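Subject: Structure handover

Hi,

Here is the structure for your files. My notes follow below it.

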Amino acid sequence: MAHRTTLILLLATLMGAAAFPHALGPVTRTVPWEVFLFGLPLALIGCLLANQRWALMAAVMYGTVGLALDISTIVQGLTKPDVPQTILITSEVTVVLNFLVIVFGGKGFLAAMGASSPPGFPRPNPPSPSSS
């Protein structure tokens, strides 16, 4: 349950970080982009509150896509000087948040599946008494 609560807080923080550039001035975004930034995390939070186990893995997938987009934004900002500084700073913050979404979502999913650690090696067969 602790992983779900942490994940809910991380998703809400990601939504807040996505709204931050709006507070600094007008930002042009399309409807699909708004759905990705606000609709999907809100839907995931709702599913996590409803104790849907699959939502943990869906959050991992959401964090993976977000992390890839953030890294590409940072690389573009480092190679092209026309990217606003606030976008770069926001991307640097959301890189950390998306990484934590991946970590806590994965740990929560594994805990929900009952896998506390990977299986160990099987014990070797004892030698046959007739072989000695």
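**Overall fold**

Read from the N terminus, the elements of the protein chain run α-α-α-α. That is four helices and zero strands. Helices (H or I, at least four residues) and strands (E, at least two) are DSSP runs, numbered from the N terminus.

Two notes on the source. This is a predicted model, where local features need pLDDT of at least 70 and side-chain atom pairs count only at pLDDT 80 or more, while totals for chains, interfaces and linings use all residues. Residues are numbered from 1 along each chain as its sequence is written, and side-chain values use heavy atoms, with hydrogens and water left out.

**Chain totals**

The accessible surface of the protein chain is about 8600 Å² (Shrake-Rupley method, 1.4 Å probe; for residues, only the protein chains shown count as cover). Carbon and sulfur atoms hold 71% of that surface. Of the 132 residues in the protein chain, 30% are buried. Buried means under 20% relative accessible area, exposed over 50%, and partly exposed in between, with a 1.4 Å probe and protein chains only. Take the contacts (heavy atoms within 4.5 Å) in the protein chain with a separation of 6 or more. Residues 24 or more positions apart account for 69% of them.

**Core**

The largest nonpolar core has 21 residues. Such a core is a set of buried Ala, Val, Leu, Ile, Met, Phe, Trp, Tyr and Cys residues joined through side-chain atoms within 4.5 Å. Leu7, Leu11, Leu14, Leu44, Leu48, Tyr62 and Val101 have the most contacts inside this core. Helices H1 (2–24), H2 (31–49), H3 (54–79) and H4 (85–113) each give two or more residues to this core. H1 gives the most, with eight residues.

Look at tyrosine 62. Outside its neighbours within four places in sequence, tyrosine 62 is in contact with Leu11, Leu14, Phe36, Leu37, Leu40, Pro41 and Leu44.

**Helix packing**

H2 and H3 pack at about 155 degrees, with axes 9 Å apart. Axes are lines fitted to C-alpha atoms, for helices over the stretch in contact, and angles run from 0 to 180 degrees between N-to-C directions. H2 and H3 are therefore roughly antiparallel (angle over 145 degrees). Their crossing is left-handed: the near helix is turned anticlockwise from the far one by less than a right angle. On the H2 side, the residues in contact include Trp33, Phe36 and Leu37; on the H3 side, they include Trp54, Tyr62 and Leu69.

The axes of H3 and H4 come within 8 Å and cross at roughly 155 degrees. That makes H3 roughly antiparallel to H4. H3 passes H4 in a left-handed crossing.

**Residues to look at**

Serine 91 sits in helix H4. Is serine 91 buried or exposed? Serine 91 is buried, at 5% relative accessible area. Leaving aside its neighbours within four places in sequence, serine 91 is in contact with Asp70, Thr73 and Ile74.

Asparagine 51 is in the loop between H2 and H3. Its phi is near 60 degrees, a positive value in a residue other than glycine. Most residues other than glycine have a negative phi. Asparagine 51 is partly exposed, at 47% relative accessible area.

Arginine 53 also lies in the loop between H2 and H3. At 43% relative accessibility, arginine 53 counts as partly exposed. Beyond its neighbours within four places in sequence, arginine 53 is in contact with Arg4, Phe109, Ala112 and Met113. The C-alpha atoms of arginine 53 and arginine 4 are separated by 9.6 Å, and the two are 49 residues apart along the chain.

Best wishes

Technical notes: Parallel < 35°, antiparallel > 145°, perpendicular 65-115°, else oblique.
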